[in-house]
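I am opening a notebook on a structure that is new to me. I will write down what I looked up, entry by entry.

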Amino acid sequence: MSSGIFSEQLSRRSLLRAGAASATLAGMGGLASACGSGSSGSSASGSKVLNVAVFADQATADKMAKAAGAFEAAHPGVKVKFTGTTGTDWNDFFSKLLTQIAAGNAPDIASVATEGLQLFAAKGLAEPLDDYVRRDAAELKPYFADVHPALVEAMMYQGHLYELPSDFNAGNMFYNASLFSSVGVERPADDWTKDDFYDIAKKISAKGGQVVGYNWVVRLWGSWTSWMYANGGNLLTEGKWDGGDWLWNTFYPNDPAAAGRKGGWRWGAPTANSTPVVEALDYMIQLQKEGLSPSPDVGGGTTLQGLFAGNKIGMAIGGGFWAGGLHNAGMAPGSFDVQYFPKWKTQRHLFGAGGFGIFKSSPNKDLAWELVKTMVTPQSMNLLFPGNGTTSPRRSMMTAEKYAPTGPEHWQVFYDTLTRFDDTAPIPAPPYYNAMAIALNKRTTEAMSTGNARAALDGLQSDLETAAKTG
């Protein structure tokens, strides 16, 4: 997931139709009835029910419910119900969830990726976990010791912790091993550069036959925004909220990776038309004009993975979820691999993380907290996310045995992105994320069709300034 669509066949970053995002409001009405009659209550037999909303189809949600088996066994009379909701991307899911809440049908818990954490926290809908974590600190120390502090900080807002990370995905570069071999290219070095990437893309694209060196999708995560980070830019001014010392002092007192961590990312004034951002989108236009990359895919990550598996794409941005996705698309271990994102001005990476948040409206928050703790155990994580459909936040779960069935050979890249590059950061996701996602998709499509990144990003800057004011 990081941040994702839960499916054994489709990754968290898989289903995307950039142009459809603005049309989702018209279809929200059916969600409330699909999710039943609100939050925790009693079934006909008198059993208590905890409702969990997830971004997935219902078949996948039913499989995820197996992760609650140990919790149900430990809490006789309690039933956990996972309800799936599909959409084109996270902003769809959040819009539908907000409509459901407004109708008085809030779930107890929801899967919320980086994209929506600040959205729900800023609206006062999410329950801070600080008091629970303090109370159960001794029980949770093994968990935090197993999780990189960058992922924890991404789950904070205004000094409070709102989720325990359950998965994440960093924006790495996948490559097709057979296409590389066919043009005499070996695995890139860990410190490879934008120029190295460009040379490889030219060699692969020269094969013809609809083969391209590189392909990508239009969205916030894993898009041209990875090039933006590598070029030292961002869509918003970066800052940190004060607070969180209690957490860092309790769980990471001697961890150098926790140095400078505070109370969550504070996204400030928009910088969408700054020079590094314009240069990044200009580079995408250049690749398209030179035939090294097609028009960005708007059919979804699944389409991209299918083309990659069909030996039509040499390189594409992907996270750990691509391991399971490419395996399900028919690629055998060894036919693809992964490397860090190439260096431009920097070699900074972005990531998205996911977790489960508790709603303030839940009448059973204490019980919901016990379920949240259960879902970040290794046993539950294996049931929630089978088949390498995302990256575990727990170092101990990142093993050669885990990746043997799917690959890639260099699976260590997924977690080492956090440990090797200390400036790796979450995608920008302010409280007005939904408006930002729609505007980003619109303006990116505009830039790629007109060839004018500056004009499109001037428009995006205006869009974001308006969204920041109206919230």
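**Entry 1, two asparagines.** I began in the loop between α17 (378-384) and α18, where Asn388 is found. The model I am reading is a predicted one, and in it the phi of Asn388 is near 55°, a positive value in a residue other than glycine. Is Asn388 buried or exposed? With a relative accessible area of 4%, Asn388 is buried. I then turned to Asn311, whose phi is near 60° and therefore also positive in a residue other than glycine. Asn311 is found in the loop between α14 (301-309) and β10, and its relative accessible area of 33% makes it partly exposed.

**Entry 2, a cis bond and the helix after it.** I looked up the peptide bond between Gly407 and Pro408, and noted that it is cis, with omega at about 5°. Pro408 lies in the loop between α18 and α19. For helix α19 (residues 412-420) I listed the buried residues, which are Val413, Phe414, Tyr415, Thr417 and Leu418. What covers these buried residues of α19 includes α8 (149-153), β7 (165-170), β8, β11, β12 (350-358) and α18 (400-403).

**Entry 3, an open sheet.** Two of those covering strands led me to a sheet, so I asked in which order its four strands stand. The order is β9-β10-β8-β11, in an open sheet with mixed pairing. I noted that β9 (212-215) and β11 (336-339) are at the edges with a single partner strand each, so one side of each has no neighbour in the sheet. From one strand to the next the twist averages 20°. Strand β8 (residues 172-176) runs antiparallel to β11 and is joined to it by four bridges, and Tyr175 stands opposite Asp337 in β11. Helix α10 (residues 194-205) packs on the sheet, where it touches β8, β9 and β10 (313-318), and its direction makes about 125° with that of β9.

**Entry 4, aromatic rings.** I searched the whole structure for aromatic pairs, and the search finds 34 of them. In one of these, the rings of Phe197 and Tyr214 have their centres 5.0 Å apart and their planes at 90°, so I entered the pair as edge-to-face. Because Phe197 lies in helix α10 and Tyr214 in strand β9, this pair ties together parts that are 17 residues apart in sequence. Phe197 is buried, at a relative accessible area of 0%, and Tyr214 is buried with a relative accessible area of 0% as well. Tyr214 also pairs with Trp227, with ring centres 6.2 Å apart and planes at 85°, which means another edge-to-face pair. Trp227 lies in helix α11 (residues 225-230), so its pair with Tyr214 of strand β9 ties together parts that are 13 residues apart in sequence. Trp227 counts as buried, at 0% relative accessibility. Elsewhere I noted a cluster linked by ring pairs, with Phe55, Trp90, Phe93, Phe94, Phe120, Phe359 and Tyr433 in it.

**Entry 5, charges over rings.** The charged end of Lys194 sits over the ring of Tyr283, 4.4 Å from the ring centre. The charged end of Lys402 sits over the ring of Tyr403, at 5.9 Å from its centre.

**Entry 6, the chain as a whole.** I counted 21 helices and 13 strands in the protein chain. Of its 471 residues, 59% count as buried. The accessible surface of the protein chain comes to about 16,600 Å², and 51% of it belongs to carbon and sulfur atoms.

How values were computed: Residues numbered from 1 in each chain as written. Predicted model: local features only at pLDDT ≥ 70, side-chain atom pairs only at ≥ 80, totals over all residues. Heavy atoms only, no water. Pairing = 2+ DSSP bridges. Axes fitted to C-alpha atoms, helices over the stretch in contact; angles between N-to-C directions. Contact = heavy atoms within 4.5 Å. Buried < 20%, exposed > 50% of the residue type's maximum accessible area, 1.4 Å probe, protein only. Areas by Shrake-Rupley, 256 points an atom, 1.4 Å probe, with all protein chains shown as cover. Phe/Tyr/Trp six-rings, centres within 6.5 Å; stacked < 30°, edge-to-face > 60°. Lys NZ or Arg CZ within 6 Å of the ring centre and 35° of its normal.
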